[in-house]
Amino acid sequence: LFGEIAVHAGRAIMKTRDAVKPRYKSDGSPVTAADLAADEIIRRELAQHLPDIAVVTEESCTRAAAVKADRFILVDPLDGTREFIRGSTEFTVNIALIEQGTPVAGAVHAPALGTLYVGGKTAHCCRLASDDAEPQASEMRPIGVRPPPPEGWHVVISRSHLDPATKAWIERHRIAERRPAGSSLKFCLIAAGEADVYPRLGPTMEWDTAAGQAVLTAAGGSVQDLDGRPLRYGKPDFRNGNFVAWGKAAGAA
């Protein structure tokens with residue numbers, strides 16, 4: 001269900017791609033018509049299919065109700081808005097189900113790449129044949145994290161937010177390759193066995209990470225704070241602390 005809804009939102013995003021005129025929110029982050037169109041579609045379809053579960057989205061939410069809930073849905077209707085504005089293909093639609101502070105199911109859809117990742121008990125991905133194609137179960141292929149290569153970890157880093165602390169973390173570890181990427185695709189690259197670790201020692205919001213974490217953990221990876229504890233959700237301000245997303249190299253921070 002989350003995958004289908006994410007694909008529907010992705011279509012709306014792509015329809016507005018040629019008319020990107022951002023405005024800026026009070027925190028300085030950009031928002032476009034694409035963010036708002038995707039947000040509306042996701043909220044409407046979730047209300048139709050899962051009316052009893054509270055929904056928190058980046059653009060519109062009833063946050064107090066969700067924080068008190070043991071089970072709620074976290075949404076970023078357009079993760080990587082800055083990438084989207086610049087004309088990059090590395091933006092996603094993120095939808096995740098949170099239970100007892102943990103992402104237990106999620107979908108990450110990259111509409112410009114035609115790629116959908118989903119995670120629950122297992123993790124899968126598929127390439128959509130066309131812009132109007134619906135994801136088919138028969139086309140979903142299983143994905144999983146890989147053992148770290150002997151030459152060193154392949155690290156994915158934020159294309160837009162590479163801060164000094166993250167750079168210092170990378171310098172302290174045996175890294176064979178650095179790969180910049182936008183949005184929650186960084187989690188998905190590790191989940192698909194294309195990279196090994198993603199350190200983020202800077203601010204993020206829960207809707208930025210929940211769906212990617214759901215996909216990665218379903219693929220056999222983990223997302224931990226710097227003390228090795230799983231990243232948790234439903235905090236009062238929805239703000240994450242520092243974390244590292246791991247493939248099979250977990251616990252080596």
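**Exercise 1.** Which helices and strands each supply at least two residues of the lining of the largest pocket?

*Solution.* The model is predicted, so that local features need pLDDT of at least 70 and side-chain atom pairs count only at pLDDT 80 or more, while totals for linings use all residues. Residues are numbered from 1 along each chain, and side-chain values use heavy atoms, without hydrogens and water. A pocket is an open set of points on a 1 Å grid where a 1.4 Å probe fits, with protein on both sides within 12 Å along at least five of seven lines, and its lining residues have an atom within 4 Å of a point. The elements sought are the helices α4 (81–86), α6 (185–191) and α7 (206–218), together with the strands β4 (71–79), β12 (197–200) and β13 (204–205). Of the 33 lining residues, Glu-58, Arg-82, His-161, Met-205 and Asp-208 lie nearest the centre of the largest pocket.

**Exercise 2.** Describe how helix α2 (residues 33–49) begins and spans its length.

*Solution.* Start at the N-terminal end, which Thr-32 caps through a side-chain oxygen 3.2 Å from the backbone nitrogen of Ala-34. Next, take the 17 residues of α2, which reach 25 Å from the first C-alpha to the last, close to the 24 Å expected at 1.5 Å a residue.

**Exercise 3.** Is Ser-222 buried or exposed?

*Solution.* Buried means under 20% relative accessible area and exposed over 50%, with a 1.4 Å probe and protein chains only. Because its relative accessibility is 15%, Ser-222 counts as buried. Ser-222 lies in strand β14 (residues 222–224).

Terms used
Helices (H or I, at least four residues) and strands (E, at least two) are DSSP runs, numbered from the N terminus. The expected span of a helix is 1.5 Å times one less than its number of residues. A polar contact is a pair of N or O atoms within 3.5 Å; within protein, one must be able to donate a hydrogen and the other to accept it, and residues adjacent in sequence count only if both atoms are side-chain atoms.
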